[in-house]
Amino acid sequence: MDFPPLKNIDIFRGICLHVRMSGKRFSSTCRQVVVASAPALSLAVASGVRLRANPVPPDPDRARAEALFAKRHWADAEKAFMDYANRMPTPPDRAEAWVKAGVCRLERRDAAGARRRFEQAAYDEAARRRSPEAVAEAFDRLHMLHLGQGASAAVRARLLDDCRRRLPDCAALRRMQEREGDALLASNQPRQALSCYIAAGSGLSPGGDERRPPAQRMLRRQPPAACRGGCGAARRGVRG
């Protein structure tokens, strides 16, 4: 939708009205400056309106990769995402493409390949500045991958520390800490689980995610005696 360019006299009248309403004087010199600068101001306003009315179309390479992803053509979608991420100049949303490529690997049951893609996004310094949401998602998916593969608690703790150093305020870190607490509680480590629940802070859900396995949900609601009181106090503290 195109808007007609503003006339110089319209801009001048608007400024005069503003000055009169504010109770200030409008000198002849100021009048000359406004009239001289009005054409440039009119062009800038009209251009801004046109830019908002006509948004930049999506990148065709990224759009093709997304279309393949939606059709579940995992191998072709991964190649398209990687081609997009590796082109020059570097696209600003490269980390998002790496994460999507990692999901394609997961769908093809290639956990090792998925881990490489997620790590590319999680540990890229430029991505941390440009696409912090994509970096947070990469860390979140890495944590779920570690849990699914039975990685040790020490490996998972290092991953949480890396995420905390790079993105200390992201919501994904709270989800990871709660998920880690559930895993530790299920492996009969209640004190360590309590530390994770406390670290999750306001991100701690009231009763755990209903999508978790029944055994873990039961442990969340009826934790071992060693931390039953502590878990309840932590939950009351972050909710109260």
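**Exercise 1. Find out how many contacts beyond four places in sequence the model has for residues 213-218, where pLDDT stays under 50.**

Start with the score: pLDDT is the predictor's confidence in each residue, from 0 to 100. Next, count contacts, meaning heavy atoms within 4.5 Å. For residues 213-218 the model has six of these beyond four places in sequence. Residues 43-53 also keep a pLDDT under 50, and there the model has five such contacts.

Now zoom out. The protein averages a pLDDT of 77, and 61% of the residues score at least 70. A bit of bookkeeping: this is a predicted model, so local features need pLDDT of at least 70, side-chain atom pairs count only at pLDDT 80 or more, and totals for chains, interfaces and linings use all residues. Residues are numbered from 1 along each chain as its sequence is written, and side-chain values use heavy atoms, with hydrogens and water left out.

**Exercise 2. Work out how many helices and strands the protein has.**

Take DSSP runs numbered from the N terminus, with helices being H or I over at least four residues and strands being E over at least two. That gives 13 helices and zero strands. Reading along the sequence, you get α-α-α-α-α-α-α-α-α-α-α-α-α.

Then look at long-range contacts: among those between residues at least 6 apart in sequence, 54% join residues at least 24 apart. As for burial (under 20% relative accessible area is buried, over 50% exposed, in between partly exposed, with a 1.4 Å probe and protein chains only), buried residues make up 38% of the 240 residues.

**Exercise 3. Describe how α10 packs against α11.**

Two packed helices are described by the angle between their axes and the distance between the axes. The axes are lines fitted to C-alpha atoms, for helices over the stretch in contact, and angles between N-to-C directions run from 0 to 180 degrees.

Step one, geometry: α10 (residues 171-186) and α11 (residues 190-200) pack at about 165°, with axes 8 Å apart.

Step two, the label. Under 35 degrees is roughly parallel, over 145 roughly antiparallel, 65 to 115 roughly perpendicular, and the rest oblique. So α10 and α11 are roughly antiparallel.

Step three, handedness: a crossing is left-handed if the near helix is turned anticlockwise from the far one by less than a right angle, and right-handed if clockwise. The α10 and α11 crossing is left-handed.

Step four, who touches whom. On the α10 side, the residues include Arg174, Gln177, Leu184 and Leu185, and they meet a set in α11 that includes Pro190, Cys196 and Tyr197. By class, the contact of α10 with α11 has eight nonpolar, three polar and four charged residues. The classes go like this: Ala, Val, Leu, Ile, Met, Phe, Trp, Tyr, Cys and Pro are nonpolar, Asp, Glu, Lys and Arg are charged, and the others, Gly among them, are polar.

**Exercise 4. Repeat the job for α10 with α9 and with α8.**

Take α9 (residues 153-166) to begin with: its axis and that of α10 come within 11 Å and cross at roughly 165°. That makes α9 roughly antiparallel to α10. Their crossing is left-handed. Residues of α9 including Leu159, Leu160 and Cys163 meet α10 residues including Leu173, Met176 and Leu184. By class, the contact of α9 with α10 has eight nonpolar, one polar and three charged residues.

Now α8: this helix and α10 pack at about 10°, with axes 9 Å apart. They are therefore roughly parallel. Phe139, Met144 and Leu147 are among the α8 residues in this contact, and Met176, Arg179 and Ala183 are among those in α10. Here the tally for α8 with α10 is seven nonpolar, one polar and four charged residues.

**Exercise 5. Decide whether Ala136 is buried or exposed, and list what it touches.**

Ala136 sits in α8 (residues 132-148). Its relative accessibility is 8%, so Ala136 counts as buried. Leaving out residues up to four places away in sequence, Ala136 touches Leu167, Cys170 and Ala172. Ala136 and Cys163 are 27 residues apart in sequence and 7.6 Å apart in space, C-alpha to C-alpha.

**Exercise 6. Pick out the backbone details in three loops.**

Pro89 lies between α4 (74-86) and α5 (94-107), and the Met88 to Pro89 peptide bond is cis, with omega near -5°. Arg109 lies between α5 and α6 (111-122). Though not a glycine, Arg109 has a positive phi of about 60°, and its relative accessible area of 81% makes it exposed. Asn188, in the loop between α10 and α11, has a positive phi near 65°. At 59% relative accessibility, Asn188 is exposed.
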